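User: I am a first-year student and would like to go through this structure step by step. Could we take it one question at a time?

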Amino acid sequence: MKIHKEGATTILMALIFAVLLGGTSRYFGAPPVLYWILFSIPMGLAVFFICFFREPKRTPTGDSRKITAPADGKVVIIQEVEEPEYFHGRRLQISVFMSFFDVHVNWAPVSGIISFYRYHRGTYLAAWHSKSSTKNERTTIVFKNEDGTEVLCRQIAGLFARRVVCYAEYEKPFKAGQQIGFIKFGSRADVFLPLGTKVNVAVGDKVRGAETVIAELAAPGTDANLNTNK
């Protein structure tokens, strides 16, 4: 496991701050207890950032009809909803909440070409809030697989998240399990699927991004995929 590139600057700043604060207090003759306190707090933050920005190696399934988790975390929503931004119709929503202690890398849930991408500025409601999917800072990414089925993935900032990083570009091809971005400090990832898609997880389940198969698309031409496009 290595450190994700998105965390390099944050970790370096925390380490520099620890050295400067500790060195300054030592230079001015601070008592040993105060020196260790001033040194340990930013150093502890640096250790936390190193854990937070870890980048584990994952082994995707490689199956074009299996939907893998877009992130590590806990399944908090499985429901039929109206998707108003792209599909303008009913879809099956599966949402994964990432806590501070989860890996915050995001992965493509399915192989395909990016047929739609949009970044939205927004508020910072708690990521588990039902309106965070449409109110918070977020990105919307639509993958079109080899048979034309479209799957929408949404990165959503949380209460403490202040930066959503996305690597998606219009018409750029992605493979299932390939990195699509990173969200800093508490967030959520939503996937919107055709109605009738088989769901393999339940609310409360812990999932691993790029590896846990959360759903399986119906075979091409079946009722579940007749309304995949706008």
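User: Which residue of strand 13 stands opposite Phe97?

Analyst: This is a predicted model in which local features need pLDDT of at least 70 and side-chain atom pairs count only at pLDDT 80 or more, while totals for chains, interfaces and linings use all residues. Residues are numbered from 1 along each chain as its sequence is written, and side-chain values use heavy atoms, with hydrogens and water left out. Strands here are DSSP runs (E, at least two residues), numbered from the N terminus. Across from Phe97, strand 13 places Arg188.

User: How many bridges join strand 5 to strand 13?

Analyst: Two strands pair if DSSP finds at least two bridges between them. Strand 5 covers residues 89-98 and strand 13 covers residues 187-193, and these antiparallel strands are joined by a number of bridges equal to 7.

User: In what order do the strands of the open sheet of 8 strands lie?

Analyst: The sheet has antiparallel pairing, and its strand order is 11-7-8-9-13-5-4-15. Strand 11 (173-174) and strand 15 (206-207) each have a single partner strand, so one side of each lacks a neighbour in the sheet. The edges are therefore formed by strand 11 and strand 15.

User: Is Ser187 buried or exposed?

Analyst: Ser187 lies in strand 13, and an unreviewed UniProt entry gives it the feature "modified residue: Pyruvic acid (Ser)", although such annotations may be inferred rather than shown by experiment. Buried means under 20% relative accessible area and exposed over 50%, with partly exposed in between (1.4 Å probe, protein chains only). Because its relative accessible area is 0%, Ser187 is buried.

Notes
Helix = DSSP H or I, 4+ residues; strand = E, 2+ residues; numbered from the N terminus.
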